[in-house]
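Me: I am new to reading protein models and would like a close look at a single part, followed outward to whatever surrounds it. Please take the reasoning slowly and connect each step to the next.

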Amino acid sequence: MKSTSPDILISPPVVLCLSGHDPTGGAGIQADIEAIRAMGAHPATLITALTAQDSQNVVGVYPQDPEALMAQGLLLLHDLNVTVIKIGLLGSHRIARKVVDLIDMAGSVPVVLDPVLAAGGGTDLAGDQLLSVLRQDILPRVTWVTPNVPEARRLAGREDLRECAERLMALGARHVMVTGTHDEGGSVINRWYGPDGLSEWSWPRLPHDYHGSGCTLAAALAGGLACGKGEKESVFGAQAFTYNALQAAYPLGRGQWFPARSDRAMALGVGDVAR
């Protein structure tokens, strides 16, 4: 009998995600999984913290044991070929310090940081000690940081957005993407500050508040980078995917709407929406 060669399987690139668990499924690690898979990469996940939250607000954060997180992370780094690291909610300065160690062990891979400092309902998610680790130890290791306007101002300690970006880059981040979802006006202005200067995109403001939009953007950016796309293609693709996911969003509870991070979001064309 004539033997046939098996089909050659091509493994997707791996994004290591370090984020909190959102039991609603709208933000955090589940948002990472859905967005990264949609981009064509594989999400490997480390849960930094459990949360008590609904579609309206976070009422409790329960950081995981730092040593357990480290043990899990070491196994993943030794076994999988991690090409990008994506960081979301950290939960505590002790967890953050272990994340620093894992970044160093991963070697020279791009790191995307979504600095989750407050919940959509206003709950503070980062104390002074965690902010200190972010500024002193994590930002110097970051390729992209993707704060919204309040996060950029708090993390940088500045008011003017250009000064915020300059401060974050001085702390070590190579690229700063400040999203305009928390600004006023009929358009959402996203600003990318990098080595080549400033690029801006304007997106029509959608009518609802959304749960996990920042997670979606950062995870989609990480997925694009993992798949070998360039910086500009990745950052625009992440915005387009997020915008489409928000256009297709749906209500579940009594608060924010939930992005539809699916093939539907990938299939929608952005046309001339962004400019």
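Reply: Strand 8, which covers residues 187-194, is mostly hidden from the surroundings, since six of its eight residues are buried. This is a predicted model, and every value below is computed from it.

Let us begin with the two partners of this strand. On one side, strand 7 (residues 175-178) is joined to strand 8 by three bridges, and the two run antiparallel; within this pairing, M177 stands opposite W192 of strand 8. Strand 8 also pairs with strand 9, again in the antiparallel sense, and here the pairing extends over eight bridges. One pair to look for is R191, whose bridge partner in strand 9 is E200. The connection between strand 8 and strand 9 is a hairpin, with two residues between the strands.

These pairings belong to a wider arrangement, an open sheet of nine strands in the order 3-2-1-4-5-6-7-8-9, with mixed pairing. Strand 9, the hairpin partner, stands at one edge and strand 3 (58-63) at the other, and because each has a single partner strand, one side of each is left without a neighbour in the sheet. At the strand 3 end, five bridges join that strand to strand 2 (residues 42-53), and these two strands run antiparallel; A49 can be found there opposite P63 of strand 3.

Returning to strand 8, W192 has a further role in the picture, as it forms one aromatic cluster together with W144 and W201. A search of the whole structure finds five aromatic pairs. One of them brings together W203 and F236, whose ring centres are 5.9 Å apart and whose planes meet at 25°; planes under 30 degrees apart count as stacked, so this pair is stacked. Since W203 lies in strand 9 (residues 197-204) and F236 in helix 8 (residues 231-247), the pair ties together parts that are 33 residues apart in sequence. The two members differ in how covered they are: W203 has a relative accessible area of 3% and is therefore buried, whereas F236, at 29%, is partly exposed. Another stacked pair is made by Y250 and F258, with 6.4 Å from centre to centre and 10° between the planes. Here Y250 counts as partly exposed because its relative accessibility is 36%, while F258, with a relative accessible area of 4%, is buried.

W144, which we met in the cluster, also leads toward the middle of the sheet, because V112 touches it, and V112 itself sits in strand 5 (residues 111-113). The relative accessibility of V112 is 0%, so this residue counts as buried. Leaving out residues up to four places away in sequence, V112 touches, besides W144, V84, I85, K86, I87, A218, L221, A222 and L225. Several of these names lead on to helix 7 (residues 213-226), a helix of 14 residues that reaches 20 Å from its first C-alpha to its last, close to the 20 Å expected at 1.5 Å a residue. Helix 7 is mostly covered as well, with 13 of its 14 residues buried, and just after it G228 takes a positive phi of about 90°.

A further helix can be placed against the sheet. Helix 1 (residues 28-39) lies across strand 1 (14-21), strand 2 and strand 4 (82-87), and runs at about 155° to strand 1. D32 is part of helix 1, and at 0% relative accessibility D32 counts as buried. With residues up to four places away in sequence left out, D32 touches C17, S19, K86, C215 and A219.

Finally, consider how nonpolar residues gather in this model. In soluble globular proteins, nonpolar side chains tend to be buried together. Here the largest nonpolar core has 45 residues, and those with the most contacts inside it are L16, I85, I87, L90, L134 and I138. Helix 3 (residues 93-106) gives the most to this core, with six residues. To see one member in its setting, take L134, which, apart from its neighbours within four places in sequence, is in contact with L90, L113, L117, L139, P140 and L155. A second core, separate from this one, has 28 residues, including V15, I29, A35 and A38.

Terms used. Residues numbered from 1 in each chain as written. Predicted model: local features only at pLDDT ≥ 70, side-chain atom pairs only at ≥ 80, totals over all residues. Heavy atoms only, no water. Core = buried A, V, L, I, M, F, W, Y, C linked by side-chain atoms within 4.5 Å. Buried < 20%, exposed > 50% of the residue type's maximum accessible area, 1.4 Å probe, protein only. Helix = DSSP H or I, 4+ residues; strand = E, 2+ residues; numbered from the N terminus. Contact = heavy atoms within 4.5 Å. Phe/Tyr/Trp six-rings, centres within 6.5 Å; stacked < 30°, edge-to-face > 60°. Expected span 1.5 Å × (residues − 1). Pairing = 2+ DSSP bridges. Axes fitted to C-alpha atoms, helices over the stretch in contact; angles between N-to-C directions.
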